[in-house]
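Please look through the sequence and the model shown here before reading on. The briefing is written for a reader who is meeting this structure for the first time.

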Amino acid sequence: MKASALSEDKVKKDNPLNDNVRFEYTPTDKAPVPELGTNRIPVDRYTDPKYISLEDEKIWSKTWLLAGVESDLQETGSYFVFENLRESFLITRAADGGLRAFYNVCQHRGNRLKPVGCGHATQLTCAFHRWSWNLDGSLRYVPEADDFPQGTPASELGLVSVKCDTWGGFVWISMDPDIEPLEEYLGVVPKHLAPYEFEEMVLVSDETIEWNCNWKTSVDIFSETYHVRGVHPESEFIADDVNVQMDVYGRHSRFIAPMYIPSPRKIDETKSLNEVMNDYLKSEGFPVQDFKGDVTTLRSAVASHKRKMSEETGLDFSQLTDDQLTADYHYNVFPNITFNLFGEQMWMFRHRPHPTDTDKMYFDRMIFNRVPKGETKADSNAGAVDLFVELGDQVLEGRPEHSFYRHGDRSSGLLLDQDASCLQGVQEGLHSRGMRGLWISNHEIRIRNFHHWWEKYIGR
Ligand code: FES
Ligand SMILES: [Fe+2]
């Protein structure tokens, strides 16, 4: 079904840019459903350590990986380190203004050049014996170079580079020198997401949480809303987990999940708003007391309210439809990136593999806010709406500090705590002799598609 129940025409009519439309709305057509079969999905891939090296060889080194945010590399000498499995990458802004990405490894005896995180440097110096490189990776200085009988040729000893490009305000890298250009790899995603203007958003929260599951169980759970009734019972009252449009675009995919309308299981014959919805609306500043409609007209009213409030909040929603203002547009980029898109916020989830343990993974969560019109990215944190996320007392000035913790050490907000707890149980179950493979529904087609592509890459 087509999830976009709200009229785009209305938005266009109300939109002052209508006379001179300089963008295309995010398409909402249902994509053709590929034939992917109905077999069980084998489970040894979640538990057998041999897949750590197989995925390293066949997937992680053959795809484009989201390495970090471009805004961390604003000046010459800015750098950050991104780790994936056994590899560590150093990404720099070189003197010519361009970005470079290298394996983060000293060419003398293999020391890591920089620890994980962001920084600034005029040169890249190894702390072991003080060899150094320029920001473009060329060899700069070798102490006592005369003592090397084979010489220290710059042509041999530059840092080993990997491919590097940008899209959506993110830096992407690939270890595969023959991979297609990033834009081609991303397929429909850049065009679909252009109206959200990721590049204009500001990072307000940056966390890594160690979860007790394989990275693929995490990709799986974020690909469907079937688990809402079991794992997120509160969400049933404010979001429709059933009338969700699933779209597959080659190795990438999307769902559109309507919000501000309860699950059909929670709508009674009066169609009146439930208490949880009422409280949620109040927390967002929606004037519930003035609303005379029911669950069938609420989304439209919320969208109008958000547009009306934009004069105060400064948030420019002119490129987004009413449907986008009242739904979760959710995209997966193969292999391990999830974008949750709302009018006010974007969440980027990166499901990173653990280097040695199939039962662990790193869940990276970055939250971005839309910047009010007229404010610069640097000084703006206004207009933030927490939606489902508890940002706590996060320091929002400048770049938020990255924090790392393990599941259970502290809360990541109700929704993620629920997902992480569930996934620990799933991971334990996947080890059982009694588990004979995943049994997948139509609704879960994004999971089947992910595994179809995983198998293609692995070479089954
Ligand atoms: S290992 Fe880096 S300078 Fe020796
Ligand atoms: Fe969930």
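What follows is a short overview, and then bullet points grouped by topic.

This is a predicted model, in which local features need pLDDT of at least 70 and side-chain atom pairs count only at pLDDT 80 or more, while totals for chains, interfaces and linings use all residues. Residues are numbered from 1 along each chain as its sequence is written, chains are lettered from A and ligands numbered from 1 in the order in which they are written, and side-chain values use heavy atoms, with hydrogens and water left out. The protein has 13 helices and 18 strands, where helices (H or I, at least four residues) and strands (E, at least two) are DSSP runs numbered from the N terminus.

**Overall form**

- The radius of gyration of the protein is 24 Å, close to the 23 Å that the globule rule gives for 460 residues, so the protein is as compact as a globular protein of that length; the radius is taken over C-alpha atoms, and the rule is 2.2 Å times the number of residues to the power 0.38.
- Taken along the principal axes, the box filled by the C-alpha atoms is roughly 85 × 60 × 40 Å.
- Of the 460 residues in the protein, 54% are buried, a term that means under 20% relative accessible area, with exposed meaning over 50% and partly exposed in between (1.4 Å probe, protein chains only).
- Among contacts (heavy atoms within 4.5 Å) between residues at least 6 apart in sequence, 66% join residues at least 24 apart.

**The iron site**

- The iron ion (ligand 2) has as its protein donors His227 (NE2), His232 (NE2) and Asp419, the latter listed twice through OD, and these donors lie 2.0 to 2.7 Å from the ion.
- Donors are N, O and S atoms within 2.8 Å of the metal (3.2 Å for Na, K and Ca), and water is not among the atoms, so sites may look incomplete.
- The arrangement is irregular because the 4 donor atoms around the iron ion (ligand 2) subtend angles of 53 to 151°; four donors count as tetrahedral if all angles lie between 85 and 135 degrees, four count as square planar and six as octahedral if opposite donors are over 155 degrees apart and all others between 65 and 115, and anything else is irregular.
- The spacing of the donor residues in sequence is H-x4-H-x186-D, and the pair His232 and Asp419 links distant parts of the chain, 187 residues apart, with His232 in the loop between helix H8 (228–231) and strand S12 (245–249) and Asp419 in helix H12 (residues 414–430).
- Both His232 and Asp419 are buried.

**The sheet and strand S14**

- An open sheet of 8 strands runs in the order S12-S13-S14-S15-S16-S17-S11-S18 with mixed pairing, two strands being paired if DSSP finds at least two bridges between them.
- The edge strands of this sheet are S12 and strand S18 (403–406), each of which pairs on one side only.
- Strand S13 (residues 252–258) and strand S14 (residues 327–333) run antiparallel and are joined by 6 bridges, with Pro258 opposite Ala327 in S14 and Ile256 having Tyr329 as its bridge partner.
- S14 also pairs with strand S15 (residues 337–341) in the antiparallel sense over 5 bridges, where Tyr329 has Leu341 as its bridge partner.
- In a regular strand the side chains alternate between the two faces of the sheet.
- In S14, Ala327, Tyr329, Tyr331 and Val333 point one way while Asp328, His330 and Asn332 point the other way, and all are buried.
- S14 and S15 form a hairpin with 3 residues between them; Pro335 lies in the loop between these strands, and the peptide bond from Phe334 to Pro335 is cis, with omega near 0°.

**Backbone points and a buried methionine**

- Most residues other than glycine have a negative phi, and most peptide bonds are trans.
- Arg130, in the loop between strand S6 (124–125) and strand S7 (132–133), has a positive phi near 70°.
- Glu197 has a positive phi of about 55° and is partly exposed, with a relative accessible area of 27%.
- Met366 is placed in strand S17 (residues 361–369) and counts as buried at 6% relative accessibility.
- Leaving aside neighbours within four places in sequence, the residues in contact with Met366 include Val69, Phe170, Trp347 and Arg399.
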